[in-house]
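Me: Please take me through a close look at one part of this model, starting from the chain as a whole. I would like one connected account, with the cut-offs stated for each term.

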Amino acid sequence: MSDAVRETLDRYYAALKAGDRAGLRGVVADDIEVHYPAPEGLLPWAGDWRGFDGFERFIATVGDHLVIDAVEPLAVHFAGDTVITVLRGEWTVKATGRKVRTETVNMFTMRDEKIIRYQVFSDTAALGLGLGRLAAA
């Protein structure tokens with residue numbers, strides 16, 4: 001992975017953790033696209049979000065529902081303008097107090113050292129259970 005791409009991702013994750021809007025603005029493109037697939041109605045933050053305002057609404061919606069307790073990077077893969085990070089995380093659902101532990105894959109597409117597309121692939125069932133929107137068998 002190029003040093004510039006690694007630096008961009010480090011700045012992204014640091015700004016995200018700190019809630020630093022200006023820092024995010026520095027690494028996220030104005031025309032960013034966010035894609036978070038999940039069954040319709042399961043996760044409030046699922047769907048497609050466009051532009052920096054959409055990105056901010058996505059981040060705010062996640063923050064309205066989850067507290068990030070811990071995130072551990074497991075792997076980073078680099079291929080051309082795409083970076084894939086595999087993370088193990090633990091979140092607390094604000095409404096229920098339930099803990100959710102799962103692995104998540106973040107896929108970033110980069111252009112000119114900025115993130116232009118952000119896709120998240122997570123265990124939607126685990127998050128749905130945590131939110132109380134699914135019942136355990």
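**From the whole chain to helix α3 and its surroundings**

Reply: The protein chain exposes about 7500 Å², of which carbon and sulfur atoms supply 52%; accessible areas come from the Shrake-Rupley method with a 1.4 Å probe, and for residues only the protein chains shown count as cover. This is a predicted model, in which local features need pLDDT of at least 70 and side-chain atom pairs count only at pLDDT 80 or more, while totals for chains, interfaces and linings use all residues. Residues are numbered from 1 along each chain as its sequence is written, and side-chain values use heavy atoms, with hydrogens and water left out.

The protein chain contains 4 helices and 6 strands, arranged along the sequence as α-α-β-β-α-β-β-β-β-α; these elements are DSSP runs numbered from the N terminus, helices being H or I over at least four residues and strands E over at least two. With a radius of gyration of 15 Å, close to the 14 Å that the globule rule gives for 137 residues, the protein chain is as compact as a globular protein of that length; the radius is taken over C-alpha atoms, and the rule is 2.2 Å times the number of residues to the power 0.38. Buried residues make up 37% of the 137 residues, where buried means under 20% relative accessible area, exposed over 50%, and partly exposed in between (1.4 Å probe, protein chains only).

The part to look at closely is helix α3. At 1.5 Å a residue, the 15 residues of α3 (residues 51–65) should span 21 Å, and its end C-alpha atoms lie 22 Å apart, which agrees; the expected span is 1.5 Å times one less than the number of residues. Within α3, Gly 51, Phe 52, Gly 54, Phe 55, Phe 58 and Thr 61 are buried, and the buried residues of this helix pack against α1 (3–18), α2 (21–27), β1 (28–36), β2 (47–50) and β6 (114–121).

One of these buried residues, Phe 52, leads to Arg 25, which lies in helix α2. Arg 25 and Phe 52 are 27 residues apart in sequence, yet their C-alpha atoms are 7.8 Å apart in space. Leaving aside its neighbours within four places in sequence, Arg 25 is in contact (heavy atoms within 4.5 Å) with Phe 52, Asp 30 and Lys 114. With a relative accessible area of 31%, Arg 25 is partly exposed, whereas Asp 30, at 55%, is exposed.

The side chains of Arg 25 and Asp 30 also meet in a salt bridge, at 2.7 Å from N to O; a salt bridge is a side-chain nitrogen of Lys or Arg within 4 Å of a carboxyl oxygen of Asp or Glu. By this rule the count comes to 9 salt bridges.

For comparison with that pair, two salt bridges involve strand β4 (residues 82–93). Arg 88 forms one with Glu 72, the closest N and O atoms being 3.2 Å apart; this pair links distant parts of the chain, Arg 88 in β4 and Glu 72 in strand β3 (residues 66–79), 16 residues apart. Glu 90 and Arg 101 form another, at 2.9 Å from N to O, which links β4 to strand β5 (residues 99–111) across 11 residues. Salt bridges that share partners join Glu 90 and Arg 101 with Asp 69 and Lys 99 into one network.
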